[in-house]
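Thank you all for making time this morning. I would like to walk you through one chain, beginning with its sulfur chemistry and working outwards to the sheets and the core.

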Amino acid sequence: MKVISCSLSRVACRTLILLSGILVSLGLFAERSAAQPDPDPCRPVRFADSAFVVCTVDLRRYDVRLFWRGPDGDVLGSFSRLKDTPEGSRLALAMNAGMYHEDRSPVGLYVENGKELKAANTRNGPGNFHLKPNGVFFVKGNRAGVLETDTYLKRKIRPDHATQSGPMLVINGRIHPKFSEQSTSLKIRNGIGVKDQHTVVFAISDDPVTFSAFARLFRDHLGCANALFLDGSVSSLYAPALERMDSLLPMGPIVGALRRRP
């Protein structure tokens with residue numbers, strides 16, 4: 001401990017020593033605060049009498065990526081296999097990232113590490129994916145977005161990562177026009193939205209909910225002007241701080257948030 005010598009009056013000297021101690025304490029506090037890890041991004045949430053888990057990540061602190069196949073070329077299909085990859089040690093959260101075929105290939109657009117592995121799907125058809133407008137979640141650097149598929153294609157975006165799914169939940173602050181407040185279709189659902197270009201919000205319901213209730217969670221409670229439905233029934237979450245690693249069914253694409261390296 002450094003000893004402070006003082007040739008001033010006794011009162012002035014005591015004041016100087018006191019101030020020095022405060023400054024040292026503040027410095028130590030700042031060092032401790034800087035050394036502390038970020039708080040876990042996932043938390044339980046209640047909205048409209050239903051339970052959800054919501055995970056919010058800042059892309060300046062987290063690297064959000066898509067994962068489909070492992071280093072061996074096989075479909076990862078589970079959070080445990082993703083954890084075993086080279087990136088697994090930095091994985092803060094993950095969830096299934098869109099609809100897939102029986103061979104677990106993506107139904108729509110899929111971009112990983114800047115490579116388009118599956119083209120955008122603009123066809124009409126049955127099921128939630130084709131409940132248009134559907135949309136695309138994409139990441140480029142430390143920015144992200146959710147856009148209707150047609151808008152995304154017109155902008156000719158060249159993302160680092162992207163996945164197409166459907167339907168859109170929230171479109172420029174409006175609930176999808178085909179959702180009904182009177183719907184009786186209740187499912188476990190998961191989706192993804194953006195609060196701003198740097199902030200991505202993941203959500204999964206713990207209770208079966210309607211499309212309308214899920215969309216309102218994103219818009220009214222989470223402040224997302226644009227949000228995309230990822231899937232229902234097979235919805236799964238990896239959130240280690242909540243001691244949760246769902247393993248319901250083999251998955252296709254997975255979206256994960258990695259802690260950025262210092």
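What you have in front of you is a predicted model, and within it there is 1 disulfide. That bond runs between Cys42 and Cys55, with the two sulfur atoms 2.1 Å apart. Because Cys42 sits in strand β1, residues 42-47, and Cys55 in strand β2, residues 50-58, the bond ties together parts of the chain that are 13 residues apart in sequence. As to its hand, the torsion about the S-S bond of Cys42 and Cys55 is about 105°, and the disulfide is therefore right-handed. Are these two cysteines, Cys42 and Cys55, buried or exposed? Both Cys42 and Cys55 are buried. Another cysteine, Cys224, also counts as buried, because its relative accessibility is 1%, and the cut-off for that term is under 20%.

Let me stay with the two strands that carry the disulfide. β1 and β2 pair in the antiparallel sense, over 6 bridges. Within that pairing, Phe47 stands opposite Ser50 of β2, while Arg46 faces Ala51, also of β2. The hairpin they make has 2 residues between its strands, and in it Ala48 adopts a positive phi, near 50°.

The hairpin belongs to a wider arrangement, an open sheet of 7 strands in the order β1-β2-β13-β12-β14-β10-β11, with antiparallel pairing. Its edges are β1 and β11, the latter covering residues 174-175, and each of these pairs on one side only.

There is also an open sheet of 5 strands, again antiparallel, which reads β3-β17-β4-β15-β16. Here the edge strands, each paired on one side only, are β3, at 62-67, and β16, at 244-245. If you look at the β16 end, β15, which spans residues 237-239, pairs with β16 in the antiparallel sense over 2 bridges, and Ala239 stands opposite Arg244 in β16.

Now to the interior, where a general point may help. In soluble globular proteins, nonpolar side chains tend to be buried together. Which residues have the most contacts inside the largest nonpolar core? That core has 32 residues, and the ones with the most contacts inside it are Val57, Val64, Phe137, Val200, Phe202 and Val255. If we take Val255 and set aside residues up to four places away in sequence, the residues it touches include Val64, Leu66, Leu93, Met95, Phe137 and Phe202, along with Arg65 and Asn96. A second core, separate from that one, has 24 residues, among them Leu169, Val170, Phe211 and Phe229.

Phe211 brings us to helix α4, residues 211-221, in which Phe211, Ser212, Ala213, Phe214, Ala215, Leu217 and Phe218 are buried. An α-helix has 3.6 residues a turn, so residues three or four places apart point the same way. After α4 comes Gly223, with a positive phi near 70°.

Let me finish with the chain as a whole. Its secondary structure comes to 4 helices and 17 strands, and buried residues account for 48% of its 262 residues. Of the contacts between residues at least 6 apart in sequence, 67% join residues at least 24 apart. Finally, the accessible surface is about 13700 Å², and carbon and sulfur atoms contribute 53% of that area.

Note on methods. Residues numbered from 1 in each chain as written. Predicted model: local features only at pLDDT ≥ 70, side-chain atom pairs only at ≥ 80, totals over all residues. Heavy atoms only, no water. Buried < 20%, exposed > 50% of the residue type's maximum accessible area, 1.4 Å probe, protein only. Pairing = 2+ DSSP bridges. Disulfide = S-S within 2.5 Å. Core = buried A, V, L, I, M, F, W, Y, C linked by side-chain atoms within 4.5 Å. Contact = heavy atoms within 4.5 Å. Areas by Shrake-Rupley, 256 points an atom, 1.4 Å probe, with all protein chains shown as cover.
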